[in-house]
Amino acid sequence: MSDAPALTPNLLRGWPLPPRDGAKDVRGGVLVLGGARRTPGAVALAGLTALRIGAGRLTLAVAESVAAALAVATPEAGVLGLPERGDGSPTGELPPALADELARADAVVVGPGLDEPEGCAALVRGVLAAVGGRDDGPAVLLDAFALGVLPGLDDVALPRNRVVLTPNLAEAARLLDDAEPEPDEAAALVAARWDAVVTCAGRVAHPDGRRWASATGYAGLGTSGSGDVLAGAVAGLLAGGCPPEQAACWGTAVHGAAGDRLAARIGPLGYLARELADEVPAVLVELQA
């Protein structure tokens, strides 16, 4: 991917984001589904980052045993409980209240904080069945465990032109049935295989062959929860009206630049994913200036 243009501030300023003013419904709604009992924080990180980057409305759906606690901890969001197994993993069943949220969301994220394949697969199937056939359906972002189960969903088709995948290199290997894809090529290979926009390891790829490379990012980005922040940044931009490739490029650049800011202030290692999310508004201002 040596020919991939770098996601520099100049490139991004020449690709301006859609207007981001107006009331919360105008700025777009994000729905994040995931959050087993042990890991509801992944959903919170993704959702709060979506708000930090400009989304207007947020709904989180997590295992019902932790929904009330998450609602208290995240007063900015509406929170729904998902049916769960005895061990706290969502079963994949979509409760009736979720239908309204799927109908009004502008971007839906599936995967953060899930930890069991059968329930995750059922959740992905249910969401795609609910939104995939609609001409006016929301953008869909699949992350984390949702990417792990995707190769086994032979009966599921991804909606065209409104899907972003956010694998790490291990998840990219599973999506490609390749133990060790080259880091510089993984995003492009996954994009071609799954006909979706992909951001992976600082690279962004469109299935039509376009490619971009991050110009930022320290090793400190490899920290727990960092991928949830990236997913939330991309989802927030999708909800605001960005096409998938623009949302993935801007989200990847903002995520990396937030890491750069923290590396300069705290050190190249040791900053936290929640701190990445807190940097997003200022980074966005700088990149648009």
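In the predicted model, the lining of the largest cavity comprises four nonpolar, two polar and two charged residues. The residues concerned are S89, P90, L114, D115, E116, G119, C120 and L123. This cavity holds about 40 Å³ of space, and the count of cavities of 30 Å³ or more comes to one.

Two pockets were also examined. The largest pocket contains about 570 Å³ of space. Its lining is made up of 28 residues, and those nearest the pocket centre are N168, S226, G227, L230 and H255. By class, the lining of the largest pocket has nine nonpolar, 16 polar and three charged residues. Four elements each contribute at least two residues to this lining, namely helix 8 (169-176), strand 7 (197-200), helix 10 and helix 11 (244-265). Helix 10 provides the largest share, with four residues.

The second largest pocket encloses about 280 Å³ of space. It is lined by 14 residues, among which A44, L45, L48, A277 and D278 are the closest to the centre. Two or more lining residues are given by helix 3 and by helix 12 (273-288). With seven residues, helix 3 gives the most to the lining of this second pocket. The lining of the second largest pocket divides into seven nonpolar, three polar and four charged residues.

Helix 10, which supplies the largest share of the lining of the largest pocket, and helix 3, which gives the most to that of the second largest pocket, also pack against each other. The two helices, covering residues 226-239 (helix 10) and 41-52 (helix 3), meet at an angle of about 35°, and their axes are 7 Å apart. Their crossing is right-handed. On the side of helix 3 the contact is formed by A42, L45, A46, T49 and A50, and on the side of helix 10 by D228, V229, G232, A233 and G236. Six of the residues in this contact are nonpolar, three are polar and one is charged. L45 of helix 3 takes part in the contact with helix 10 and is also listed among the residues closest to the centre of the second largest pocket.

Annotations from the UniProt record were then placed on the model. The record, an unreviewed entry, lists residues 7-287 as "domain: YjeF C-terminal". In the model this span is 47% helix and 14% strand, and its end C-alpha atoms lie 10 Å apart.

The same kind of unreviewed UniProt annotation assigns "binding site" to A42, G113 and D228. Although these residues span 187 residues in sequence, no two of their C-alpha atoms are more than 8.7 Å apart, so the annotated positions gather at one spot. Of the annotated residues, D228 is included in the lining of the largest pocket. A42 and D228 both belong to the contact between helix 3 and helix 10, A42 on helix 3 and D228 on helix 10. G113, by contrast, is placed in the loop between strand 4 (107-110) and helix 6 (117-131).

Methods. Residues are numbered from 1 along each chain as its sequence is written. This is a predicted model: local features need pLDDT of at least 70, side-chain atom pairs count only at pLDDT 80 or more; totals for chains, interfaces and linings use all residues. Side-chain values use heavy atoms; hydrogens and water are left out. Axes are lines fitted to C-alpha atoms, for helices over the stretch in contact, and angles run from 0 to 180 degrees between N-to-C directions. A crossing is left-handed if the near helix is turned anticlockwise from the far one by less than a right angle, and right-handed if clockwise. Contact means heavy atoms within 4.5 Å. Ala, Val, Leu, Ile, Met, Phe, Trp, Tyr, Cys and Pro count as nonpolar, Asp, Glu, Lys and Arg as charged, and the others, Gly among them, as polar. On a 1 Å grid over the protein atoms alone, a cavity is a set of points where a 1.4 Å probe fits but cannot get out, and a pocket is an open set with protein on both sides within 12 Å along at least five of seven lines; lining residues have an atom within 4 Å of a point. Grid points are joined across faces, edges and corners, and a volume is the space filled by probe spheres set on the points. UniProt positions are given in the numbering used here, feature names are shortened, and annotations may be inferred rather than shown by experiment.
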